[in-house]
Amino acid sequence: MKEDFVVENFVIPPHPKGQILKGISVQMEPLDVSQHAKDLFDANAIDTEGQNWRYLPYGPFNTLESYEEWVSKVTALDDPIFFSIVRTSDKKSVGVASYLRINPPDGSIEVGHINYSPLLQRTKEGTEAMYLMMKWAFENGYRRYEWKCNALNRRSRYAAQRLGLSYEGVFRQMSISKGRNRNTAWFAAIDKEWEELQKCFEDYLSDNNFDENGIPKTSLSQLTKYLLFKVDNMEFS
């Protein structure tokens with residue numbers, strides 16, 4: 001057995017429940033009905049065709065009351081742990097994301113249930129939210145950071161690789177969602193990759209990388225593609 005496969009000095013990382021992840025443009029707060037539900041419902045309502053809910057196992061929610069009921073249900077759980085993504089500019093909740101499949105003894109954790117309202121999609125704030133979640137996981141000792149999505153969800157698959165998570169394959173007929181078969185695509189990053197990944201995020205999110213119109217000079221995918229290439233060409237045994 002290779003020496004690389006011996007796990008030494010591993011300390012079981014903490015559970016993320018109750019954490020607040022503070023960034024510059026966003027803050028990740030534990031999802032709360034009274035603080036966040038109304039903002040989120042209003043922001044989600046901008047998506048009049050309900051496309052955001054297409055690949056999620058719940059929603060859309062036609063009334064604030066039904067959405068509040070769902071928020072109350074999921075916030076009572078220890079897995080997944082939902083966060084509201086709050087813009088620091090106006091203190092508005094504009095999206096949610098969660099940690100799930102939280103496995104501290106093995107040091108693995110997944111990011112999922114990502115639902116960005118139209119106010120958050122394709123924004124610097126949205127990228128920083130994902131950076132904050134990955135940063136917390138690796139800086140607190142998790143070894144593996146996972147992303148899974150419906151294999152038909154091309155936007156999610158692109159987003160995972162844009163963020164520097166390597167493609168690991170498809171689990172066929174993994175589940176049934178809203179009466180339809182779901183094949184699940186798997187992506188992940190590991191702790192050994194974090195130092196280089198963090199540099200990519202910091203370079204991308206730097207004010208110097210954005211012009212006067214808020215357009216990035218260098219895309220995040222341009223920065224992370226080299227890391228994905230390295231992993232794709234790595235030998236495993």
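**View 1. Strand 2 and strand 3 pair within a mixed sheet.** Strand 2 (residues 26–30) and strand 3 run antiparallel and are joined by five bridges, where strands count as paired if DSSP finds at least two bridges between them. Opposite Pro30 stands Phe83 in strand 3. The model is a predicted one, in which local features need pLDDT of at least 70 and side-chain atom pairs count only at pLDDT 80 or more, while totals for chains, interfaces and linings use all residues. Residues are numbered from 1 along each chain as its sequence is written, and side-chain values use heavy atoms, with hydrogens and water left out. Helices (H or I, at least four residues) and strands (E, at least two) are DSSP runs numbered from the N terminus. Eight strands form an open sheet of mixed pairing, in the order 1-2-3-4-5-6-8-7. Strand 1 (21–22) and strand 7 are the edge strands, each of which pairs on one side only.

**View 2. Strand 7 and strand 8 form a hairpin.** Over eight bridges, strand 7 (residues 166–177) pairs with strand 8 (residues 180–190) in the antiparallel sense, and Phe171 stands opposite Thr184 in strand 8. Two residues lie between the strands of this hairpin, and Lys178 in the turn has a positive phi of about 55°. Lys178 is partly exposed, with a relative accessible area of 42%; in this scheme buried means under 20% relative accessible area, exposed over 50%, and partly exposed in between (1.4 Å probe, protein chains only). Helix 4 (residues 154–162) lies across strand 6 (144–150), strand 7 and strand 8, and runs at about 160° to strand 6.

**View 3. Helix 2 has buried residues along one face.** Leu64, Tyr67, Trp70, Val71 and Val74 are the buried residues in helix 2 (residues 64–74). Seen down the axis of helix 2, these buried residues fall within an arc of 125°, so they line one face of the helix; the arc is that of the directions from the helix axis to the C-beta atoms. Glu65, Glu69 and Lys73, on the other side of helix 2, are exposed. The buried residues pack against helix 1 (33–44), strand 3 (81–87) and strand 4 (93–103), with contact meaning heavy atoms within 4.5 Å.

**View 4. Helix 1 and helix 2 cross obliquely.** Two packed helices are described by the angle between their axes and the distance between the axes. For helix 1 and helix 2 the angle is about 130° and the axes are 10 Å apart; axes are lines fitted to C-alpha atoms, for helices over the stretch in contact, and angles run from 0 to 180 degrees between N-to-C directions. Helix 1 and helix 2 are therefore oblique to each other, given that angles under 35 degrees count as roughly parallel, over 145 as roughly antiparallel, 65 to 115 as roughly perpendicular and the rest as oblique. Their crossing is right-handed, a term used if the near helix is turned clockwise from the far one by less than a right angle, with left-handed for anticlockwise. Among the residues that meet here are Val33, Ala37 and Phe41 in helix 1 and Leu64, Tyr67 and Val71 in helix 2.

**View 5. Helix 3 packs with helix 5.** Helix 3 (residues 124–139) and helix 5 (residues 194–205) pack at an angle of about 155°, with their axes 11 Å apart, which makes helix 3 roughly antiparallel to helix 5. The crossing of helix 3 and helix 5 is left-handed. Tyr131, Met134 and Phe138 are among the helix 3 residues at this meeting, and the helix 5 residues include Trp194, Leu197 and Phe201.

**View 6. Two cis peptide bonds and His113 are shown with their backbone angles.** Most residues other than glycine have a negative phi, and most peptide bonds are trans. A cis peptide bond with omega of about 0° joins Gly59 and Pro60, and Pro60 is found in the loop between helix 1 and helix 2. Another cis peptide bond, with omega of about 5°, joins Asp79 and Pro80, and Pro80 lies in the loop between helix 2 and strand 3. His113, although not a glycine, has a positive phi of about 50°; its place is in strand 5 (residues 108–116), and His113 is partly exposed at a relative accessible area of 21%.

**View 7. Asn115 is a buried residue of strand 5.** Asn115 has a relative accessibility of 6% and counts as buried. Although Asn115 and Asn52 are 63 residues apart in sequence, they are 6.6 Å apart in space, C-alpha to C-alpha. Leaving aside neighbours within four places in sequence, Asn115 is in contact with Asn44, Asn52, Trp53, Leu56, Gly95 and Val96.
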